[in-house]
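Good morning. I will go through one structure today, starting with a term we need and then moving from the surface to the interface and the interior.

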Amino acid sequence: MRSPESPVLTIEGLIKDVGPLASLDGKMLRVVSGLSLFAERGQITALLGANGAGKTTTLECAQGLQKRTGGHIGLLGEDPDSAGAGLRSRVGVMLQDGGLPPSARPIPLLRHISGMYENPLPLEPLVERLGIDTFARTGVRRLSGGQKQRLSLAAALIGNPEVLFLDEPSAGLDPQSRQIVFELIAELRDAGMGIILTTHLMDDAQRLADYVYIIDAGRNVAEGTVAELLSHGHDAMDGITERTLYFDAPAGLDIAGALGSEVTVTESRAGSYSVSGTLTPQHLAKLTAWWAEKGIMPVSLRLEARSLEDVFLDISGRDIR
Amino acid sequence: MTSPLPVLETKHAGPAPLFRRILLQGRYETITMIRNGEQLILAIILPLLALVGLTVTPLLDGLGSSRVDIAVPGILALCAMSTAFTGQGIATGFDRRYGVLRFLSTTPLGRTGLIVGKILAVLAVLVLQVLIVSVVAALLGWHPRPEGWLPGLCLLILGAAAFTALGLLVAGTVRPEATLAITNLLWILLGALGGIVVPAERLPALAQNIVHFLPSGSLGQSLRDAFLHGTVSLPYVVVLLLWTIIPGAAAVRWFKWN
């Protein structure tokens, strides 16, 4: 585990029980059991995990929205459970479900929230930067998922926070919104903001995060930079890494027969193949020679090293939750 | 090329003063309430229709010299119930559903500021209602006892407090659809049979015994005492206080923010 230099958030042994639940015969359900992490200033820290892993609960305990059952949380050195307006003014929160009143219009809403701060960000550049000016006259109720997310992000940022919590920031984002939002998040990190986000998308973590905590069943099961996590479980000495070759070609080809049993071949959809395992140049030669012999030209072809998704599945198991 | 946001450049200045945060929230909630068409119908149109209805029909005949004098205090009480209980309850219920309460409680406003803001909005809308109802009532020939105004307005505020506490209790404990159903149903039931616009003596025997212990009956009856006779009946004040304190404490205890 790394040691904190300039932490904005420290969580040690967090425990959170909810209930009592009728579905558990009136017993409490432990949603978070002994989770520890910290987040640095000027870094993006990602909590990566499947739905129900306890990511949102962890964030909400850190934000003071839920009272923890046990453990210690320090948010900018203070206990979020007894936080006053002073601490809240230094922390920006973007909730998973937005938290915006449906009847509100974007600009008056942002202006209202900015009034809660002594020295908020100027509205204009934020609105322009997130493209909110393009839907400024539309009520929140009629905004698209991506527009809502951008407005929620603006609402979290208007107070110029030192710490920013983003719960599933890419949920519902169209590619264009995603680009806008991700660029801004990276820029805020570079400006020195401490950013903590949750995601169940490996791609988000891979693109954004400086440090990743993989969360499973309410505890952290692995952590590291994306590069560290990608090398997890590999013998760095022999230089062999797992790769996957994806290609689209006519359906029903006997690729496994052509390549032998050292690699795993799957045809996920008709004509959509993946070959994974410890691929060597010989495998590629064999495959292309076989294509040449059969007169097959693939429609697409892509080779990928091990993805964060593989790491995640290795660690948290392949069972579907 | 987009220009970078001026984040973190300035020294962090902290939250706006508490007073300003609460006033801002009160103003915001008031504007939201007034802009909501359904709320306006409930808060202004229906009470005015009831006022006109009670003035032109013989329903209140025999209870005093002037129909409108008997009707207006009850209409004012109905206004308090509309805004503080039904309107505010439904709005809070849906704010809770959409995560608005959770989001705003992470801003410097906080949970307390949020609730105080809602109470301010209820009072602001109530002031508007009293003004409008008083003007219309004056046109219909309303002559309240001048000494009734001070206790009358105090009782209205106390009644609004009781109905706000009840509205928050409902909104904070059940789903918003249920809040909608419960607060609308109670508005109709209490409005018709709760001793609020129709004095207890004109109600069925069974209701007569109960209404004095209800917030509707005690507010309606005490406002009639104030504006018709210039008197304050302490038992009604006690009933209203209890309806403020007990649901208020229950709301503090059981209100769910998510």
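One definition before the residues: buried means under 20% relative accessible area, exposed means over 50%, and partly exposed is what lies in between. Please keep in mind that this is a predicted model.

Take B:Ile132 as the first case. Its relative accessibility is 34%, so B:Ile132 counts as partly exposed. This residue sits in helix H5 of chain B. B:Ile132 also belongs to a nonpolar surface patch of about 470 Å². The other members of that patch are B:Ile34, B:Leu40, B:Val127, B:Leu128 and B:Leu131. Which helix gives the most to the nonpolar patch? Helix H5 of chain B, residues 110–139, does, with 4 residues.

Staying on helix H5 of chain B, we also find B:Ser134 there. B:Ser134 has 15% relative accessibility, and because buried means under 20%, this serine counts as buried. Leaving aside residues up to four places away in sequence, B:Ser134 touches B:Trp142 and B:Trp149.

Now the interface. Chain A and chain B bury about 3,400 Å² between them, and 62% of that is on carbon and sulfur atoms. Chain A puts 44 residues into the contact, and chain B puts in 35 residues. How many salt bridges does the rule find across the interface of chain B and chain A? It finds 2. A salt bridge also joins the side chains of B:Arg102 and A:Asp97, at 2.6 Å from N to O. As for polar contacts, 9 residue pairs are found across the interface, with both residues at pLDDT 80 or more.

On the side of chain B that touches chain A, the elements giving two or more residues are helix H1 (18–35), helix H4 (100–106) and H5 of chain B. Of these, H1(B) gives the most, with 6 residues.

Last, the interior of chain A. Is A:Trp291 buried or exposed? Its relative accessible area is 5%, so A:Trp291 is buried. This tryptophan is found in helix H10 of chain A, residues 281–294. Not counting residues up to four places away in sequence, A:Trp291 touches A:Phe247, A:Ile255, A:Ile296, A:Pro298 and A:Leu301. There is also a distance to note: A:Trp291 and A:Ala258 are 33 residues apart in sequence, and their C-alpha atoms are 9.6 Å apart in space.

To recap the three cases: B:Ile132 is partly exposed, B:Ser134 is buried, and A:Trp291 is buried. That is all from me.

Methods:
Residues are numbered from 1 along each chain as its sequence is written. Chains are lettered from A and ligands numbered from 1 in the order in which they are written. This is a predicted model: local features need pLDDT of at least 70, side-chain atom pairs count only at pLDDT 80 or more; totals for chains, interfaces and linings use all residues. Side-chain values use heavy atoms; hydrogens and water are left out. Patches are made of residues with over 30% relative accessible area and no salt bridge: like charges are joined within 9 Å, nonpolar side chains (Val, Leu, Ile, Met, Phe, Trp, Tyr) within 5 Å. Accessible areas come from the Shrake-Rupley method with a 1.4 Å probe; for residues, only the protein chains shown count as cover. A salt bridge is a side-chain nitrogen of Lys or Arg within 4 Å of a carboxyl oxygen of Asp or Glu. Buried means under 20% relative accessible area, exposed over 50%, partly exposed in between (1.4 Å probe, protein chains only). Contact means heavy atoms within 4.5 Å. Buried area is the accessible area (1.4 Å probe) that two parts lose on being put together, summed over both. A polar contact is a pair of N or O atoms within 3.5 Å; within protein, one must be able to donate a hydrogen and the other to accept it, and residues adjacent in sequence count only if both atoms are side-chain atoms.
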